[in-house]
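Colleague: I should like to understand how the descriptive terms used for a protein model are justified. May I put some questions to you about the model shown below?

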Amino acid sequence: MSYTDHIIAFLQNGGPFIYPIALVLVVGLAITIERWLYLSSAHRSNQKAFALIKNALKTGDIDTISQQAQNNKAPVFDVLQSGIARISSASRREDVEYAMEETVMEYMLRLEKRTPFIATLANIATLLGLLGTIMGLIAAFSAVASADPAEKANLLSSSISVAMNTTAFGLITAIPLILFHSSLQTKTATIVDSIEMAGIKLLNSLSFNK
């Protein structure tokens, strides 16, 4: 019996709750892939942007930053531009900082979009697995109650084994989704921290020049 046959038999013997858990797994993986591609693209664009304005951030060269921002759509440029736009009318460092923080918060909504759903789906998979096992055990004990005494032990053990498949599949689904959720959160935090770091570098260089 091949590995694929074992998987097919496992799913077939898991009862009706296997199917909603499988749906949760597919949806969770789809969200994970979409978010990973989006965050990876944002991270790469930010890294390229930092390479272009590394020296400009150190010297407070806002003209170079604005010029590079015209040809680059990296999130860090939008944040820096929001601060640069406020410089002419701001009387305090905090005013420029608040302008950049507002743009960072807007980007955080985009970066974190749909990521919390993965943790929710992991919890749903676990609960569906437990519910499927409980329903399977109820059906198993009901069947054993009216079975021949000589067959009760074998019937009960086989029924419990089938019922446990649902819990196992629920955990098999939930554990990777939890790991994916943690990875996406870490990647999001890395992007946000790098953007905030760029803003602080700009503020410090402008304060120094003044």
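Colleague: What makes the pair Glu 34 and Arg 35 a salt bridge?

Modeller: Please keep in mind that this is a predicted model. The closest N and O atoms of Glu 34 and Arg 35 are 2.9 Å apart. A salt bridge requires a side-chain nitrogen of Lys or Arg within 4 Å of a carboxyl oxygen of Asp or Glu, and therefore the pair qualifies. The general background is that side chains of opposite charge can pair when their charged atoms come close.

Colleague: How many salt bridges does the structure hold?

Modeller: There are two. Besides the pair already discussed, the side chains of Arg 114 and Glu 34 meet in a salt bridge, with an N to O distance of 3.1 Å. Arg 114 lies in the loop between α5 and α6 and Glu 34 in helix α2, so this pair ties together parts that are 80 residues apart in sequence. Glu 34, Arg 35 and Arg 114 are thus linked in a network of salt bridges.

Colleague: Are Glu 34 and Arg 35 buried or exposed, and how do you know?

Modeller: Buried means under 20% relative accessible area and exposed means over 50%, with partly exposed in between. Arg 35 has a relative accessible area of 2%, so Arg 35 is buried. Glu 34 is at 30%, which lies between the two limits, and therefore Glu 34 counts as partly exposed. Arg 114, with 29%, is partly exposed because the same limits apply.

Colleague: What is notable about the phi of Arg 114?

Modeller: Arg 114 has a positive phi of about 70° although it is not a glycine. In general, most residues other than glycine have a negative phi.

Colleague: Where is Thr 115 found, and why is Thr 115 called buried?

Modeller: Thr 115 is found in helix α6. Its relative accessible area is 4%, which is under 20%, so Thr 115 is buried. Leaving aside neighbours within four places in sequence, Thr 115 is in contact with Arg 35, His 181, Leu 184 and Gln 185. Thr 115 and His 181 are 66 residues apart along the chain, yet their C-alpha atoms are separated by 6.6 Å.

Colleague: Why is α2 called oblique to α4?

Modeller: The two helices pack at an angle of about 45°, with their axes 7 Å apart. Angles under 35 degrees count as roughly parallel and those from 65 to 115 as roughly perpendicular; about 45° falls in neither range, so α2 is oblique to α4. On the α2 side the contact is made by Ala 42, Ser 45, Asn 46, Ala 49, Phe 50, Ile 53 and Leu 57, and on the α4 side by Pro 75, Val 76, Phe 77 and Leu 80.

Colleague: Which residues touch the most other members of the largest nonpolar core?

Modeller: That core has 40 residues, and those that touch the most other members are Ile 53, Leu 57, Ile 65, Val 76, Phe 77, Leu 80 and Leu 202. The elements that give two or more residues to this core are α2, α3, α4, α5, α6 and α7. In soluble globular proteins, nonpolar side chains tend to be buried together. Val 76 also touches Asn 46, Ala 49, Phe 50, Ile 195 and Ala 198, not counting residues up to four places away in sequence.

Colleague: How do you know that Ala 56 is buried?

Modeller: Ala 56, which lies in helix α2, has a relative accessible area of 7%; this is under 20%, so Ala 56 is buried. Beyond residues up to four places away in sequence, Ala 56 touches Asp 61, Thr 64 and Ile 65. Ala 56 and Lys 201 are 145 residues apart in sequence and 9.8 Å apart in space, C-alpha to C-alpha.

Colleague: What makes Thr 103 a buried residue?

Modeller: Thr 103 has a relative accessible area of 11%, again under 20%, and therefore Thr 103 is buried. Thr 103 lies in helix α5, and its side chain reaches the backbone oxygen of Ala 99 at 3.3 Å. Thr 103 touches Asp 78, Val 79 and Ser 82, residues up to four places away in sequence being left out.

Colleague: How many helices and strands does the protein have?

Modeller: The protein has seven helices and zero strands. Buried residues make up 36% of its 210 residues.

How values were computed. Residues numbered from 1 in each chain as written. Heavy atoms only, no water. Helix = DSSP H or I, 4+ residues; strand = E, 2+ residues; numbered from the N terminus. Buried < 20%, exposed > 50% of the residue type's maximum accessible area, 1.4 Å probe, protein only. Contact = heavy atoms within 4.5 Å. Core = buried A, V, L, I, M, F, W, Y, C linked by side-chain atoms within 4.5 Å. Polar contact = N/O pair within 3.5 Å; in protein donor to acceptor, adjacent residues only side chain to side chain. Axes fitted to C-alpha atoms, helices over the stretch in contact; angles between N-to-C directions. Parallel < 35°, antiparallel > 145°, perpendicular 65-115°, else oblique.
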